[in-house]
Amino acid sequence: VWVGTEKDPSRGTPTLDSFRPSDFYPHGMQKIQADATGKFMLPSAPDDMLVVVTHPSGILVSTAGKLRKDVRVHLQPFSQVEGVLLSEGKPKPGAQIDISLFQEQSSLRISYSAVSGADGKFVFNNLIAGEYRLYRVFIPRRRINGGFPAYPSHQKIISVKLGETAKIQWGGDGRSVIGQAAPENPAVAVD
């Protein structure tokens with residue numbers, strides 16, 4: 001059981017990154033372990049404080065006030081996304097793919113990353129139902145300001161239903177563009 005302790009002022013909500021029910025540590029939340037019978041003591045917290053209950057079989061995203069009114073916790077089954085990433089009609093291996101829940105749907109920010117396999121396949125498990133933004137992460141080959149920035153690219157909106165697996169084929173519907181970039185200043189390298 002995870003209970004919010006504070007909100008991240010830069011985002012306004014607690015976050016889950018690379019969530020796995022057995023060992024995730026969301027920012028701004030405190031872990032409370034249930035006993036062998038599944039019971040736990042909810043600490044003193046405001047009614048609107050976020051509470052996330054996880055188990056390998058499901059999840060509940062609620063508030064302290066709602067849990068005080070109904071002491072039985074009813075977990076919702078996890079959902080998942082299975083997909084194949086295509087580029088020029090062929091499976092695209094080794095691409096970083098991210099998925100994030102639209103912020104306005106939940107008081108919880110959920111974000112996952114995966115890398116497509118040799119066959120272009122990728123999977124996101126342990127999702128709550130809702131609308132997600134799926135996108136590839138483009139990392140330029142050259143450093144900018146001492147680092148390698150990442151840019152979201154090829155965004156796609158998908159709907160994930162409660163307890164179901166959304167199967168998608170993503171990409172492959174564009175066309176190759178062949179050409180040469182020519183900067184105004186010939187001394188500028190083109191990546």
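Biologist: What makes Arg133 count as lying over the face of Tyr135?

Modeller: In this predicted model, Arg133 is 4.0 Å from the ring centre of Tyr135 and lies over the ring's face. The cut-off for a charge over a ring is within 6 Å of the ring centre, together with a limit of within 35 degrees of the ring normal.

Biologist: Let's turn to rings that meet rings. How many aromatic pairs are there in the structure?

Modeller: The structure holds 3 aromatic pairs. One of them is formed by Phe122 and Trp170.

Biologist: Why is the pair of Phe122 and Trp170 called edge-to-face?

Modeller: A pair of aromatic rings is described by the distance of the centres and the angle of the planes. The centres of Phe122 and Trp170 are 6.2 Å apart, and rings pair if their centres lie within 6.5 Å. Their planes stand at 70 degrees, and an angle over 60 counts as edge-to-face. The pair is therefore edge-to-face.

Biologist: And where in the chain do the two partners sit?

Modeller: Phe122 belongs to strand 10 and Trp170 to strand 13. They are 48 residues apart, so this pair links distant parts of the chain. Phe122 and Trp170 also form one aromatic cluster with Tyr112 and Phe124.

Biologist: How do you know whether Phe122 and Trp170 are buried or exposed?

Modeller: Buried means under 20% relative accessible area. Phe122 has 2%, so Phe122 is buried. Trp170 has 6% relative accessibility, so Trp170 counts as buried too.

Biologist: Which residues does Phe122 touch, leaving out those up to four places away in sequence?

Modeller: Among them are Val81, Val84, Leu85, Ile97, Leu134, Ile168 and Trp170. Phe122 is also one of the residues with the most contacts inside the largest nonpolar core, which has 24 residues. Others named with Phe122 there include Ile99, Phe124, Leu127 and Tyr132.

Biologist: Which strands supply at least two residues each to this core?

Modeller: They include strand 4 (50–55), strand 6 (79–87), strand 8 (96–101), strand 10 (121–127) and strand 13 (165–171). There is also a second, separate core of 8 residues, which includes Leu42, Met49, Val51 and Ala64.

Biologist: What makes strand 8 "mostly covered"?

Modeller: In strand 8, 5 of its 6 residues are buried. Its pairings are worth a look as well. Strand 8 runs antiparallel to strand 9, with 5 bridges joining them, and there Asp98 has Ser113 as its bridge partner. Another 5 bridges join strand 8 to strand 11, again antiparallel, and in strand 11 the bridge partner of Ile99 is Leu134.

Biologist: How do you know that Ser62 counts as buried?

Modeller: Ser62 has 10% relative accessibility, and the cut-off for buried is under 20%. Ser62 therefore counts as buried. Ser62 is found in strand 5 (residues 58–63). Not counting residues up to four places away in sequence, Ser62 touches Met49, Leu50, Val51 and Leu67.

Biologist: Stepping back, how many helices and strands does the protein chain have?

Modeller: The protein chain has 1 helix and 13 strands. Along the sequence, the pattern is β-β-β-β-β-α-β-β-β-β-β-β-β-β. Of its 191 residues, 36% count as buried.

Key:
Residues are numbered from 1 along each chain as its sequence is written. This is a predicted model: local features need pLDDT of at least 70, side-chain atom pairs count only at pLDDT 80 or more; totals for chains, interfaces and linings use all residues. Side-chain values use heavy atoms; hydrogens and water are left out. A nonpolar core is a set of buried Ala, Val, Leu, Ile, Met, Phe, Trp, Tyr and Cys residues joined through side-chain atoms within 4.5 Å. Buried means under 20% relative accessible area, exposed over 50%, partly exposed in between (1.4 Å probe, protein chains only). Helices (H or I, at least four residues) and strands (E, at least two) are DSSP runs, numbered from the N terminus. Contact means heavy atoms within 4.5 Å. Two strands pair if DSSP finds at least two bridges between them. Rings of Phe, Tyr and Trp (its six-membered ring) pair if their centres lie within 6.5 Å; planes under 30 degrees apart count as stacked, over 60 as edge-to-face and the rest as tilted.
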